[in-house]
Amino acid sequence: QVQLVESGGGLVQPGGSLRLSCAASGRISSIFDMAWYRQAPGNERELVARITSSGNTIYTDSVKGRFTISRDNTKRTVYIQMNSLKPEDTAVYYCNAYIRVVTSIIAEWYWGQGTQVTVST
């Protein structure tokens, strides 16, 4: 009933910037927390940043000061602005959101399919 679609990934040089977007669609009544995760080959999936429905944010230490998560509740979209990118930021980035659909009293977590970010010369 819910689809999360990421966009904005690609190839960028070290020190460059990218902005990823994730748009939620479906029979949605409420979106609570939204987040970005990433997974590099051989690594576990890790939380990058999370934002609550009221705009409070948390970041993993490795991206603090470089990445900024934001959301547009009208567009049902979460963004992550990634600046000063490093090769170690290379990963598949996944959107994650806690969503209540119109037919349910409870919410559950949904995942996007991921978008590749490659930081390389």
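**Aromatic cluster, sheet order and loop contacts in the predicted model**

Ring pairs join F32, Y98 and W109 into a cluster. The structure is a predicted model, in which local features need pLDDT of at least 70 and side-chain atom pairs count only at pLDDT 80 or more, while totals for chains, interfaces and linings use all residues. Residues are numbered from 1 along each chain as its sequence is written, and side-chain values use heavy atoms, with hydrogens and water left out.

Across the whole structure, 3 aromatic pairs were found (rings of Phe, Tyr and Trp, the last by its six-membered ring, with centres within 6.5 Å; planes under 30 degrees apart count as stacked, over 60 as edge-to-face and the rest as tilted). The pair formed by F32 and Y98 is tilted, with 6.0 Å centre to centre and 50° between the planes. Because F32 belongs to strand β4 (residues 28–39) and Y98 to strand β9 (residues 91–101), this pair ties together parts that are 66 residues apart in sequence. Strands here are DSSP runs of E with at least two residues, numbered from the N terminus. Both rings belong to partly exposed residues: the relative accessibility is 25% for F32 and 30% for Y98 (buried, under 20% relative accessible area; exposed, over 50%; partly exposed, in between; 1.4 Å probe, protein chains only).

Aromatic rings also face a charged side chain. R45 lies over the face of Y94, 3.6 Å from the ring centre, and its charged end sits over the ring of W111 as well, at 4.8 Å from the centre. The criterion places NZ of Lys or CZ of Arg within 6 Å of the ring centre and within 35 degrees of the ring normal.

One open sheet comprises 4 strands in the order β1-β3-β8-β7, with antiparallel pairing; two strands pair if DSSP finds at least two bridges between them. Strands β1 (2–7) and β7 stand at the edges with a single partner strand each, so one side of each is left without a neighbour in the sheet. On average, neighbouring strands of this sheet are turned by 15° against each other, direction ignored (axes are lines fitted to C-alpha atoms, and angles run from 0 to 180 degrees between N-to-C directions). Strands β3 (residues 18–26) and β8 (residues 77–82) pair in the antiparallel sense over 6 bridges, and the bridge partner of C22 in β8 is V78.

Residue R66 is located in the loop between β6 (57–59) and β7 (67–72) and is buried, at 11% relative accessibility. A polar atom of the R66 side chain lies 2.9 Å from the backbone oxygen of S62. Beyond residues up to four places away in sequence, R66 touches Q81, M82, N83, S84, L85, K86 and D89 (contact, heavy atoms within 4.5 Å).

The loop between β5 (46–51) and β6 holds S53, and S54 lies in the loop between β5 and β6 too. S53 is partly exposed at 39% relative accessibility, whereas S54 is exposed, with a relative accessible area of 62%. Leaving aside neighbours within four places in sequence, S53 is in contact with I31, F32, D33, R71 and N73. The C-alpha atoms of S54 and F32 are separated by 8.6 Å, with their positions 22 residues apart along the chain.

Note on methods:
A polar contact is a pair of N or O atoms within 3.5 Å; within protein, one must be able to donate a hydrogen and the other to accept it, and residues adjacent in sequence count only if both atoms are side-chain atoms.
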